[in-house]
Each structure stands twice: as C-alpha cells, then as structure tokens.
Amino acid sequence: MKIFLDTADLGEIRRAVEAGLIDGITTNPSLVSKVAGSKDPKEIYREICETVDGPVSAEVVATDKETMLVEGRKLAALHDNIVVKVPLTEDGLKACRTLANEGIRVNVTLCFSPSQALLAAKAGATFVSPFVGRIDDVSGEGMQLIHQIRQVYDNYGFDTEILAASIRHPMHVVESMLIGADCATIPPKVLWQLVKHPLTDRGLEGFLADWKKLGAEI
Ligand code: E4P
C-alpha cells in the first residue's frame, strides 16, 4: 500500500522523506491555509513537488466546471508531480473527465458512497478519496466504504486507485492495508504513531543494558 502524507507542512514532509517512508502528498484548502501565512499557495505546491518524488494532490476551489478546468490546468502546469483534486460533484466529475482526457491526473475527493466512487472511476479519476474518519464522525462505518469500493472496482476492473483518506488513527491504516486500499493518506501524527511499539522500546533497553555489561565497542 502506498503511503501519502496528508499535510502541506514542509517540515513534516521533509521529516518523512528523510525516512524514505512516503510515496506522495495530499493537501486540501484547509491544510494549505494552516501553513501558508503570507506565502503564495502555488509556491507551497512547487516546494512540496521538489521535495517529494511522487503524486502531490492540489485542490481546485471553484465549484463550476469551467473555472475548475482553468484552475486545474494552472495547478497541473506547476509541476509534473501535481494531481488535480476536484470535489465529487456533477461539475467536479465533468471537470475530471475533461482533465483526464487532456492527460492530467485527477484525484476525486469528498467521496462518501460506493456509487460516488463508481462515478469517479467512470469519469477517469486516477485516485478516488473516500473519507473514512468523517463517516465515523457521524456514527457511520468508514472502513465499510473502503471494503465496498474495493469490491466494486475489482468486480468491474476499474484501475482508479482507492486512496483511503480522513485517516484518524493507526487502526484505520491497518484496516486499509488488510482490505487492499491502493494508498492511504495519513496525517503526520498518525504516521509517527505507526512507528511506536512498547515492546520495541523495552527490547531495545534490554539489549543496550546487556551490551553495556561487556564494556566493549563496535
Ligand atoms: C484527503 O485528501 C483530505 O485531505 C483529508 O484526508 C481529510 O481529512 P480530515 O477529515 O481529517 O480533515
């Protein structure tokens, strides 16, 4: 499963890249507005693309097809790594089809049902982003949606990649892997939670204490 980092924070991105852990980045307007300050968001997208060798999702903010196309083409022209993110609306699907026909990769976001995911695939999306955590937030079964989309795409041989999004904790990641999501986009905090295990820490302490008794060097 590919791991994308769900952030526009360059410090966090560099930390994960240094560890060789990530295959791409997703952003959304809220994540960009958290870090941008007075910086031009386009500059942020460029810097992320220079830092990460993989798909970098940058989202349109228009809601009508024609303006989405203008924004999508501008975003795609920033760097080869850019994947244009559009919302799962009628206009978003139309924009997705047009951009895909032009050879621009599209991530259809804000997906909350298997039927929406079917339409994203039909519209030529490279990625579809089902929002697991936000479904859990309203007493739904977020992971069930990943299961359903996996089944639909496998039944009909769609090659749109399932990008599990709105991941809130390590078990969302584990379940995404077990279901066979193609990718999961993970907030930095959750990525580093995945590293930790108390038995690793305890085991390491024991090894180091025993080695110390030798008084030897490597
Ligand atoms: C996906 O691409 C979104 O950026 C993100 O996963 C949304 O997560 P949230 O529900 O935690 O805001």
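Helices and strands here are DSSP runs, helices of at least four residues and strands of at least two, numbered from the N terminus. With that in hand, Ser166 can be placed in the loop between β7 and α9. The model is a predicted one, and the exercises below walk through it from the whole chain to single residues.

## Exercise 1: The overall picture

Describe the protein by its secondary structure, its extent and its surface.

**Solution.**
- Step 1. Start with the elements: there are 11 helices and eight strands.
- Step 2. Add the extent: the C-alpha trace spans about 70 × 40 × 30 Å along its principal axes.
- Step 3. Turn to burial: of the 218 residues in the protein, 46% are buried.
- Step 4. Look at the surface: about 11400 Å² is accessible, and carbon and sulfur atoms hold 53% of that.
- Step 5. Finish with the contacts: among those with a separation of 6 or more, 57% join residues 24 or more positions apart.

## Exercise 2: Strand β7 and its partners

Find which strands pair with β7, and decide whether the faces of β7 are covered or not.

**Solution.**
- Step 1. Locate β7 at residues 161–164. On one side it shows Glu161 and Leu163, on the other Ile162 and Ala164, and all four are buried, which leaves both faces covered.
- Step 2. Go to strand β6 (residues 127–130): it runs parallel to β7, and two bridges join the pair. Val128 has Ile162 as its bridge partner in β7.
- Step 3. Go to strand β8 (residues 183–186): again two bridges join it to β7, and the strands run parallel. Here Leu163 is bridged to Cys183 of β8.
- Step 4. Trace the chain from β7 to β8: it passes through helix α9 (residues 170–179), and this β-α-β crossover is right-handed.

## Exercise 3: Two residues of strand β6

Val128 and Ser129 both have their place in β6. Work out why each is classed as buried, and list what each touches.

**Solution.**
- Step 1. Apply the cut-off: a residue is buried under 20% relative accessible area. Val128 counts as buried because its relative accessibility is 0%. Ser129 is buried too, because its relative accessible area is 2%.
- Step 2. Collect the contacts of Val128, leaving out residues up to four places away in sequence: among them are Asn107, Val108, Ala117, Tyr153 and Ile162.
- Step 3. Do likewise for Ser129: its contacts include Asn107, Thr109, Leu110, Leu163 and Ala165.
- Step 4. Pick out the polar contact: the side chains of Ser129 and Asn107 come to 2.8 Å.
- Step 5. For a sense of scale, compare a long-range pair: 35 Å separates the C-alpha atoms of Val128 and Thr200, which are 72 residues apart along the chain.

## Exercise 4: Around the ligand

Identify the residues around the ligand, then find polar side-chain atoms that lie 2.6 Å or 2.7 Å from its oxygen atoms.

**Solution.**
- Step 1. List the surroundings: Asp6, Thr26, Asn28, Leu31, Lys85, Phe131, Arg134, Ala165, Ser166 and Arg168.
- Step 2. Check Lys85: one of its polar side-chain atoms is 2.6 Å from a ligand oxygen.
- Step 3. Check Arg134: a polar side-chain atom there also lies 2.6 Å from an oxygen atom of the ligand.
- Step 4. Check Ser166: an N or O atom of its side chain is 2.7 Å from a ligand oxygen.
- Step 5. Ask how much of the ligand is covered: taken alone it exposes 340 Å², and the protein buries 86% of that.
- Step 6. Place Lys85 in the fold: it is found in strand β4 (residues 82–87), and it counts as buried because its relative accessibility is 4%. Beyond its sequence neighbours, Lys85 touches residues including Thr26, Asn28, Glu59 and Asn107.

## Exercise 5: Positive phi angles

Which values of phi do Leu110 and Ser166 have, and is each residue buried or partly exposed?

**Solution.**
- Step 1. Take Leu110, in strand β5 (residues 106–111). Its phi is near 60°, a positive value in a residue that is not glycine.
- Step 2. Leu110 counts as partly exposed because its relative accessibility is 32%.
- Step 3. Return to Ser166 in the loop between β7 and α9. Its phi is positive as well, about 55°, although Ser166 is not a glycine.
- Step 4. Ser166 counts as buried because its relative accessibility is 9%.

Notes
Residues numbered from 1 in each chain as written. Predicted model: local features only at pLDDT ≥ 70, side-chain atom pairs only at ≥ 80, totals over all residues. Heavy atoms only, no water. Buried < 20%, exposed > 50% of the residue type's maximum accessible area, 1.4 Å probe, protein only. Pairing = 2+ DSSP bridges. Right-handed = clockwise from strand over helix to strand, strands pointing away. Polar contact = N/O pair within 3.5 Å; in protein donor to acceptor, adjacent residues only side chain to side chain. Areas by Shrake-Rupley, 256 points an atom, 1.4 Å probe, with all protein chains shown as cover. Contact = heavy atoms within 4.5 Å.
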